[in-house]
Amino acid sequence: MLSFSELIYFIVPLVIASTVPLALVALGALFSERSGVVNIALEGIMLMGAFVGALTIKNLEINDDKKLLSFYENDFVPYVEVYVEEEFDKTVTLAENSFYVDLNLTQAQYDKMIEDVNAHFNGDISDQEVNTIATSKTFKSISDSIQDVKTQRYAIIGILVGALVGIVFSLLHAFASINMKANQIISATALNMFAPAFAIFTARQIFETQKVTILRNYRITSVPLLGDIPVIGDLFFKGAYLSTYLGIAIFVIAVLVLYKTKWGLRLRSCGENPQAADSLGINIYKIRYAGVMVSGALAGMGGVIFVLSFAANFNATVSGFGFLALAVLIFGNWKPGRIIFAALFFASMRVLGSVHTLIPFLEELKLQPQIYAMIPYIATLVVLAITSKNSAAPRAAGEPYDPGKR
Amino acid sequence: MEYIVEMLNITKEFPGIKANDNVTLQLKKGEIHALLGENGAGKSTLMSVLFGLYTPEEGTIKVRGEEVVITNPNDANVHGIGMVHQHFKLVHNFTVAENIVLGYEDTKFGFLKFDDAVKKINDLSDKYKLKVDTSSLISDISVGMQQRVEILKMLYRDAEILIFDEPTAVLTPQEIEELMGIMKDLTKEGKSIILITHKLNEIKQVADRCSVLRKGKYIGTVEVENTSVEKMAEMMVGREVNFVVDKEDAKPKDTVLEVKNLTVRNHRLLKDVVKDISFEAKRGEILCIAGIEGNGQTQLVEAITGLTHVTSGNILLKGNDITKFSVREKNNAGVSHIPEDRHKHGLVLDYSLEENLILQSYFEEKFQERGFLRFDEIRQHAKKLIANFDIRSGKGPTTSARSMSGGNQQKAIVAREIDRDTDLLIAVQPTRGLDVGAIEYIHKQLIAQRDAGKAVLLISLELDEVLNVSDRIIVMYEGEAVGEFDPKKTNENELGLYMAGSKRSEA
């Protein structure tokens, strides 16, 4: 059993990692609803973002691995083989596709080897990963040992691709509900049903399985400098994901845009009283399109962040996070500040549900694991039932704009 | 004479009707020009054309002598035209300042420059004596202040030509007085004003000239000073109008409705919207509950008719306690109700006229047999009411209620409620949105019911109606009855002070 402080250091990063995608997607919903379009397609949009984002990351990884593999097989391994044979009078042959070998060296031998290997490849190879391989005591799996800037770059690319896909996919909803004045619930439901089907079908076409597995670990062991701060460093800057920090930054920017800019002011007016906005020469349709697209972008990003931080693989689901984000929006009363707290609440419930075995009093209850898994959803029901009375939903959300109506 | 705005020979058609048929309106610089007409005469359409919300089929618009094309509110704004809409176009959860700058924002590096905006608003508000609190939310301020915000919105955009669309409909007499003063001040500063209204007294009070529309057609323009109110009314309606409601003195008999210490709590707002009200309505009198919209009249009626729960107190009909009765039980006990919102509570818009006429009685023996409706009886019933109450519609009993005009929809409701022949008739704003002819008709019906020995409870916001039709007046303010008056011994001013809460009788 973990001590209390260990437990806290274990749980807090998990809660934060859960909070960020929830809050981000809820903020997306806020942009859409405040512009006047109810967007329950977030689940589907998130899923599409997650799917294409994961696909992109996986592709980048494979490409990279191929390059590495070729270097490793053609240059690095033969050199090491020869070097080891000459230097230590040992024969090693690295099996194909296996990067693991235990040379069983003494520390002195190892240090010398590193020096020589580095000297040999220096200048030719500046890529950091080679250094990483060379400096590990034993030649471990490349995928596992690589924790560098380039890898994090893939995560960022994946998130951006997710955002783009989210925008494109959300346009379908925007077109149906703004131009065609369709029922926004039905249109969104259609997208929600389409997204997993599309993801499964496409994944099977490509990989013969519906799973998209991300090979590398995008966790940052410790953020330089910040990770060394006592307590705070342990809580917030260790074992975290770059995507988490990115999500927080995007959240802050989005809130500034919403409350401090002309566009934000106009967007908020369109969800409350579009007739008023129209009479002041504001183009309701443009603003609503923008609102839905922002929600698509945020949901798409949220999807990728979700995959990066929770699952090493994407299996045509985002576990209801999109719907949970809508609950967060409602519990957060359509206000960004309260959304953070709502997201923290739901994230904590979720983490409690999944790490219950580590928490003494929950473990003592000896309930079925399924019951713990229900915690976040039951909490959603209860909290919404209690708080929905004072809801401050945008007055025009869900209503197609009709200029003739006064 | 120099005109600042000229709308020449404007024709605007909607499917089926010509909303404006060759209408001309010429506005001089610095005048208040009234635009008079009944509901549906085309006033709002004409102004929407000037404001760029509609594009006319024919006609030209000149601003300061130059022909212009206005296709959206931004164009109107560029030409210095601003409008205070009848239903305020304000965002309820924005502050006053946010509402004023919306759509006309100044920014620095993409961020709003609010301090400068607030300073400009305060300068304008000092200059034109338009007192507002820039940091309050719209939902927290009075209707009068909301209107001042609308006016500031135009001035903030440097509008020279100001359109006021029925600006007094929602104001107390004192606020109306104040508004009239503001309008005169504005013209002194060189602004030109178009005042849309159907209230002749106001025109007489402030306007310089008056153009009249009737059924989309331009009737003429008159100098207000040389024209009598009667003459203008005749131009508007097309015939002579009887302003005084003919009625004899009331002869109240026994009590029909008794309301005792009635309190209704709104659980969402956490406050009592009707506070400890007691009154009696007698046979042979019209009791009027007056007050500004939103002071608890709606909830009072809902409590009496069973649409909302009574928190405490009792409602007695002919001595029987009906407080806890359901709506149907109350109907059957003898309550008729002409509701405030005829679309929401009065009619099922997608039902036919004949179906609407049996909404409260379809279950009676007369109209059903073993659960099946007796359509012949229903048709006969509808035909009788259509004939007796002169309800006009396209296809008679089978007309869909939605396709009928507002006046005829209201007539249908009045017919249904009166035909039920109950002891108590509750009429909530029965003439809202109706034209002069229909108003006359409804008033006559109410008085006829009174003379037939029924108790009539009239809830009205229009002081003319309150003073002309009723026999006794109770003023409500913030859920309380603040005074009781004899219409013969009071006047608009006195009622206005009570309605605004600045005076109250001690019980």
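1. Two strands count as paired when DSSP finds at least two bridges between them. Keep that in mind as you look at this predicted model, starting with a sheet in chain B. Here 6 strands make an open sheet, and their order is E18-E21-E22-E15-E23-E24, with mixed pairing. At the edges you will find strand E18 (335-338) and strand E24 (480-485) of chain B, each of which pairs on one side only. On average, and ignoring direction, neighbouring strands of this sheet are turned by 20° against each other.

2. Now zoom in on one pair within that sheet. Strand E15 (residues 285-290) and strand E23 (residues 472-477) of chain B run parallel and are joined by 4 bridges. If you would like a residue to click on, try B:Cys288: its bridge partner in E23(B) is B:Ile473.

3. Which helix lies across E15, E21 and E22 of chain B? Look for helix H15 (residues 436-451) of chain B, which crosses E15, strand E21 (424-428) and strand E22 (455-460). The direction of H15 is at about 150° to E22(B).

4. Chain B has another open sheet for you to trace, this one of 4 strands in the order E14-E13-E16-E17, with antiparallel pairing. Why do strand E14 (271-282) and strand E17 (320-321) of chain B each have one side without a neighbour in the sheet? Both stand at the edges with a single partner strand, so nothing in the sheet flanks the other side of each.

5. Inside this sheet, strand E13 (residues 255-266) and strand E16 (residues 312-317) of chain B are linked by 5 bridges in the antiparallel sense. One pairing to find is B:Thr263 with its bridge partner B:Ser312 in E16(B). Packed on the sheet is helix H9 (residues 297-305) of chain B, which touches E13, E14 and E16 and makes an angle of about 65° with the direction of E14(B).

6. Next, see where the chains meet. On one side 21 residues of chain B take part, and they are in contact with 16 residues of chain A. Helix H2 (73-78) and strand E8 (111-112) of chain B each supply at least two residues to the side of chain B that touches chain A. The largest share of that side, 3 residues, comes from H2(B). Sorted by class, this side of chain B has 7 nonpolar, 10 polar and 4 charged residues.

7. Chain A is built with 16 helices and 4 strands, and 40% of its 406 residues are buried. Among the contacts in chain A with a separation of 6 or more, 77% are between residues 24 or more positions apart.

8. In soluble globular proteins, nonpolar side chains tend to be buried together. The largest nonpolar core in this model has 86 residues, and those touching the most other members are A:Leu22, A:Ala23, A:Val25, A:Ala26, A:Ala325 and A:Val328. Helix H1 (residues 4-35) of chain A gives the most to this core, 14 residues. Beyond its neighbours within four places in sequence, A:Leu22 has contacts that include A:Phe321, A:Leu324, A:Ala343 and A:Phe346. A second, separate core of 78 residues includes A:Ile282 as well as B:Met7, B:Val63 and B:Leu179.

9. Finally, a word on confidence. Chain B has an average pLDDT of 88, and 99% of the residues score at least 70. For the model, the scores are ipTM 0.79 and pTM 0.77. As a reading habit, where pLDDT is low, the predicted coordinates should not be read in detail.

How values were computed: Residues numbered from 1 in each chain as written. Chains lettered and ligands numbered in written order. Predicted model: local features only at pLDDT ≥ 70, side-chain atom pairs only at ≥ 80, totals over all residues. Axes fitted to C-alpha atoms, helices over the stretch in contact; angles between N-to-C directions. Contact = placed C-beta atoms within 7 Å. Nonpolar A, V, L, I, M, F, W, Y, C, P; charged D, E, K, R; others polar. Core = buried A, V, L, I, M, F, W, Y, C linked by C-beta atoms within 7 Å. Buried ≥ 20, exposed ≤ 12 C-beta atoms within 10 Å, placed from the backbone. pLDDT = per-residue confidence, 0-100.
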